[in-house]
Amino acid sequence: MKKFFILVVFLAGFYACHHEYRYGYLKTDNIEYYPDSLEVVANTNCNDIIHTKYGVPWASVPIQGVAGTPPIFFSIKSISSENGEGEKMKKYLKIRGDGVFYLYPFDTYNDIPVGEYRISIIIENDNDRREFDNVFKIIVKQ
């Protein structure tokens, strides 16, 4: 009986040590950007000294409705546009840890063509990964 009890305790301990536990959570049921768009000027010859002369990026508002066990990572999944120039936008667009988009000033208006760009993102932590399509829009104006 004693050997059986030791065997049961050993097997229970083995199972507890080798069972994969998932700690934490990621809740993204109600994510949104408000406002959900950002307008930038493509012409660097304008009077926008903050962005053109000093290189300060345009910034969006932080994303709302994300909760979870830190660290939470944000990344850009894809950028689509009507003119098919999403890859050019990706060169200048970055996303920060709270979901803020930063668009760094580009050299000339030819770098990123005028138009609307839709951004899809990935939100993930150690436990989960979620993808969201077309959550933010950047409008590049002349």
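This note covers the strands, the nonpolar core, the salt bridges and two buried polar residues of a predicted model.

1. **The β5-β8-β9 strands.** Start with β8, residues 115-124. On one hand, β8 pairs with β5, which spans residues 73-81. That pairing is antiparallel and runs over eight bridges. Within it, I76 stands opposite I121 of β8. On the other hand, β8 is joined to β9 by nine bridges, again antiparallel. Here R118 has K137 of β9 as its bridge partner. Strand β9 covers residues 129-141. Together β8 and β9 make a hairpin, with four residues between the two strands.

2. **The three-stranded sheet.** There is an open sheet with the strand order β3-β7-β6. Its pairing is antiparallel. The edges are β3 (58-59) and β6 (93-95). Each edge strand has a single partner, so one side of each is left without a neighbour in the sheet. Strand β7 takes in residues 101-103 and pairs with β6 over three bridges. A useful pair to look up is I95 and F101, bridge partners across β6 and β7. As background, strands of a sheet pair through backbone hydrogen bonds, either parallel or antiparallel.

3. **The nonpolar core.** The largest nonpolar core holds 27 residues. The residues with the most contacts inside this core are M89, L93, F101, L103, I119, I121 and I138. Two or more residues come from each of β2 (37-41), β5, α3 (86-92), β6, β7, β8 and β9. Strand β9 gives the most, with five residues. In soluble globular proteins, nonpolar side chains tend to be buried together.

4. **I119 as a way into the core.** I119 is one of the core residues with the most contacts. What does I119 touch, beyond its neighbours within four places in sequence? The contacts are I76, S78, I79, L93, F101, N134, V135, F136 and I138. Among these, L93, F101 and I138 are also on the list of core residues with the most contacts.

5. **K137, a buried lysine.** K137 sits in strand β9. Why does buried K137 have no salt bridge? The nearest side chain of opposite charge is E116, at 4.2 Å. A salt bridge needs the side-chain nitrogen within 4 Å of a carboxyl oxygen, so this pair does not count. K137 and E116 are still in contact. Leaving aside neighbours within four places in sequence, K137 also contacts D36, S37, L38, Y117 and R118. I would check the K137 side chain by eye.

6. **Salt bridges.** The count comes to eight. One network links K77, E124, R129, E131 and D133. Within this network, R129 meets E131 at 3.2 Å, N to O. R129 also forms a salt bridge with E124, where the closest N and O atoms are 3.7 Å apart. How buried or exposed are these three residues? R129 is partly exposed, at 44% relative accessibility. E131 is partly exposed too, with a relative accessible area of 42%. E124 has 25% and is also partly exposed.

7. **The K88-E85 pair.** The side chains of K88 and E85 meet in a salt bridge at 3.7 Å, N to O. K88 is partly exposed, with a relative accessible area of 35%. E85 counts as partly exposed as well, at 24%. K88 lies within the residue range of α3 (86-92).

8. **N125, a buried loop residue.** N125 is in the loop between β8 and β9. Is N125 buried or exposed? N125 is buried, with a relative accessible area of 9%. Which backbone atoms does the N125 side chain reach? One is the backbone oxygen of Y25, at 2.9 Å. Another is the backbone nitrogen of D128, at 3.0 Å. Not counting residues up to four places away in sequence, N125 touches Y25, L26, T69, P71 and I72. Y25 thus appears both as a contact and as a backbone partner of the side chain.

Terms used:
Residues are numbered from 1 along each chain as its sequence is written. This is a predicted model: local features need pLDDT of at least 70, side-chain atom pairs count only at pLDDT 80 or more; totals for chains, interfaces and linings use all residues. Side-chain values use heavy atoms; hydrogens and water are left out. Buried means under 20% relative accessible area, exposed over 50%, partly exposed in between (1.4 Å probe, protein chains only). Lys and Arg count as positive and Asp and Glu as negative; His and the chain ends are not counted. Contact means heavy atoms within 4.5 Å. Two strands pair if DSSP finds at least two bridges between them. A polar contact is a pair of N or O atoms within 3.5 Å; within protein, one must be able to donate a hydrogen and the other to accept it, and residues adjacent in sequence count only if both atoms are side-chain atoms. A nonpolar core is a set of buried Ala, Val, Leu, Ile, Met, Phe, Trp, Tyr and Cys residues joined through side-chain atoms within 4.5 Å.
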